[in-house]
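Q: Please give a close look at one part of this structure for someone who has not seen it before. Start from a single residue, describe what surrounds it, and then place that part within the rest of the chain.

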Amino acid sequence: MRFSGVLRWLVGAACGWSLLVACASGSSALSAASASKTDTSVPFVAGGSPGKAAYLVYWDQNEEVDFLSMPSGTQGQLLPAWDLNGQMCILPNGRFVGGYDPTLPNQDNLGSAKPYKQPADGEELDEPNGSFSGQTLYVPGPFKMPGQSIGGDSPPSANGVFNNNQTYTGCVIDKSDNVFANDIATAQGQYPPPSSGRLVEWFAPHYNTYCIVYGPTTGGVGPHHTDGTGGLAQPGMMALAGNGDLLVPNVGTSSVLRFAHSSMPTSASECPGGIYPRAKVRVSTFVGGLSFPAGIAKDSTCGCYAVSTYIGNPAIRWVTSDGRPEPGRTPVPGTTIAELGKNPDQYNPFGMAFAPDGTLYFIDIHIACTGTLTGCGPATYGGRVMKVTFSDGQPSTPVAIASGFDFPTSATVCVPATHVCPYPKGKIKAPLSGASENPAPDAGPPSDAPAKAGFG
């Protein structure tokens with residue numbers, strides 16, 4: 001994932017988040033090739049044993065998914081570098097989803113040397129051992145990469161890059177195991193961001209039907225108004241409210257939006273032509289007046305929520321279940337626009353997750369600048385996983401527990417005592433980071449053949 005655009009430090013990413021879906025009242029909109037990959041006939045590959053871990057923290061970086069096992073402190077790779085960029089959401093059986101993009105060799109990502117998943121953008125379904133299941137969740141359409149049989153509904157940019165026009169970022173799994181994800185679409189560095197973003201739902205248990213719950217209503221391409229206007233404006237890392245509502249940070253409205261779950265479709269049959277009727281969607285402002293909101297996560301120790309902003313002060317604040325300031329939590333200080341890039345110790349929070357004991361883990365995308373508010377973007381291999389502990393509601397100074405990463409974005413926590421948690425089999429491999437992760441010279445996949453299940 002890379003920031004792009006003249007004001008890239010203000011908004012999106014050029015190659016790494018993901019989310020989208022359009023439904024069809026039947027699965028006829030999906031090709032026969034995809035149908036073979038999107039049902040329960042896909043073999044289930046279990047993960048290894050997390051041992052005596054009290055909890056596991058996962059994060060994405062440069063197409064890779066890494067983990068931290070607590071309290072041992074062991075770090076390792078769960079998913080070797082191969083497309084995944086964005087929030088990781090875990091299903092009850094230990095499988096997990098996350099956004100993927102077909103990064104190209106010149107984007108310096110190790111995953112670009114592996115076969116491309118199809119269509120070009122979507123949510124990939126991965127096994128508990130960190131391998132690709134062979135199934136992707138997507139919105140079908142006519143736009144295909146060379147040599148592929150399954151297309152999506154978003155066209156590539158003029159130079160043939162798909163992830164400049166569509167990128168899935170945040171995700172959440174509801175109480176019925178349906179998968180929701182958001183697509184930042186063309187919000188790839190502009191400010192204010194365009195309203196081309198979408199919220200998409202895929203339906204359990206097979207995930208081969210979908211619905212664009214909220215998206216552009218005019219302009220754009222095709223019947224879904226892909227890259228049109230009237231949708232979300234750079235959505236971020238999502239969370240589920242206690243009653244099942246969807247909480248979605250949205251930079252363009254400087255707020256966290258709340259989508260009433262009771263107003264969401266329960267099957268693709270309620271989504272004619274792949275688009276849910278806008279009149280049925282009940283959306284409100286959960287928290288307003290935010291500077292560049294990037295993530296939201298539930299803090300179970302107070303029944304409240306933390307909201308991150310990657311530019312602004314505070315960087316992380318707590319709100320109650322109705323969106324009001326939480327009196328029992330002191331905010332974590334942040335970095336204002338005027339201070340951006342001036343202090344190497346600053347942090348710029350993106351995705352977050354809480355451990356059962358209330359410890360907060362967040363991703364620092366670590367913005368650096370070459371001059372005063374010029375040449376700003378995530379520092380090369382400067383991304384960090386940060387930890388904050390609390391005493392009587394007072395947060396500690398954030399400390400880095402892992403660093404040297406290439407644009408991490410999200411954090412996810414899983415507790416083995418209450419959930420099947422993804423874990424690799426065999427010998428643990430240390431997370432990759434820095435120049436050693438990126439092969440030289442650039443090398444793309446050996447063929448245009450679509451990716452298959454496994455590790456690539």
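A: A good place to start is Cys171, which counts as buried, with a relative accessibility of 1%. The model is a predicted one, and every value below is computed from it.

Cys171 is bonded to Cys89 through a disulfide whose sulfur atoms are 2.1 Å apart. The link between Cys89 and Cys171 is right-handed, with 110° about the S-S bond. Cys89 belongs to strand β4, residues 89-90, and Cys171 to strand β9, so the disulfide ties together parts that lie 82 residues apart in sequence. Cys89 is buried as well, at a relative accessible area of 8%.

Strand β9 covers residues 168-173, and the loop that runs from β9 to β10 (179-183) holds Asp174. Asp174 is a charged residue without a charged partner: it is buried yet has no salt bridge, and the nearest side chain of opposite charge, that of Lys175, is 9.7 Å away. A salt bridge would need a side-chain nitrogen of Lys or Arg within 4 Å of a carboxyl oxygen, so the 9.7 Å to Lys175 does not qualify.

Asp174 does have polar partners. Its side chain makes a polar contact of 2.9 Å with the side chain of His261. A polar atom of the Asp174 side chain also lies 2.9 Å from the backbone nitrogen of Ser176. When neighbours within four places in sequence are left aside, the residues in contact with Asp174 are Phe180, Glu201, Leu240 and His261. His261 thus appears both as a contact of Asp174 and as a polar partner of its side chain.

Further along the chain, the loop between β10 and β11 (198-202) contains Pro192. The peptide bond that joins Tyr191 to Pro192 is cis, with omega about 0°. Another cis peptide bond joins Met70 and Pro71, where omega is about 15°. Pro71 sits in the loop that connects β2 with β3 (74-79).

The nonpolar interior comes next. In soluble globular proteins, nonpolar side chains tend to be buried together. The largest nonpolar core here has 26 residues, and those touching the most other members are Trp59, Tyr310, Phe350, Tyr361, Ile363, Ile365 and Ile367. At least two residues of this core come from each of β1 (55-61), β2 (64-70), β20 (349-354), β21 (360-364) and β27 (399-405). Strand β1 provides the largest share, 3 residues. Apart from this core lies another one of 19 residues, including Val172, Leu199, Met238 and Val281.

Ile363, one of the well-connected members of the largest core, shows what such a residue touches. Not counting residues up to four places away in sequence, the contacts of Ile363 include Trp59, Phe350, Val385 and Pro408. Polar and charged names also appear in its list, among them Asn348, Arg384, Thr409 and Ser410.

Two residues stand out by their backbone angles. Asn62, in the loop between β1 and β2, has a positive phi near 45° although it is not a glycine. Asn62 is buried, with a relative accessible area of 0%. Tyr381, in the loop between β23 (377-378) and β24 (383-388), likewise has a positive phi, about 55°, without being a glycine. Tyr381 is partly exposed, with a relative accessible area of 26%.

To return to the disulfides, the structure holds 5 of them. Numbered in sequence order, the bonded cysteines pair as 1-2, 3-4, 5-6, 7-8 and 9-10. One of the links joins Cys302 and Cys304, with the sulfur atoms 1.7 Å apart. The Cys302 and Cys304 link is left-handed, at -65° about the S-S bond. Cys302 is partly exposed at 26% relative accessible area, whereas Cys304 is buried at 1%.

Another disulfide joins Cys369 to Cys376, with 2.1 Å from S to S. The link of Cys369 and Cys376 is right-handed, with 105° about the S-S bond. Buried means under 20% relative accessible area, so Cys369, at 18%, counts as buried. Its partner Cys376 is buried too, with a relative accessible area of 1%.

Key: Residues are numbered from 1 along each chain as its sequence is written. This is a predicted model: local features need pLDDT of at least 70, side-chain atom pairs count only at pLDDT 80 or more; totals for chains, interfaces and linings use all residues. Side-chain values use heavy atoms; hydrogens and water are left out. A nonpolar core is a set of buried Ala, Val, Leu, Ile, Met, Phe, Trp, Tyr and Cys residues joined through side-chain atoms within 4.5 Å. Buried means under 20% relative accessible area, exposed over 50%, partly exposed in between (1.4 Å probe, protein chains only). Helices (H or I, at least four residues) and strands (E, at least two) are DSSP runs, numbered from the N terminus. Contact means heavy atoms within 4.5 Å. Lys and Arg count as positive and Asp and Glu as negative; His and the chain ends are not counted. A polar contact is a pair of N or O atoms within 3.5 Å; within protein, one must be able to donate a hydrogen and the other to accept it, and residues adjacent in sequence count only if both atoms are side-chain atoms. A disulfide is a pair of cysteine sulfur atoms within 2.5 Å.
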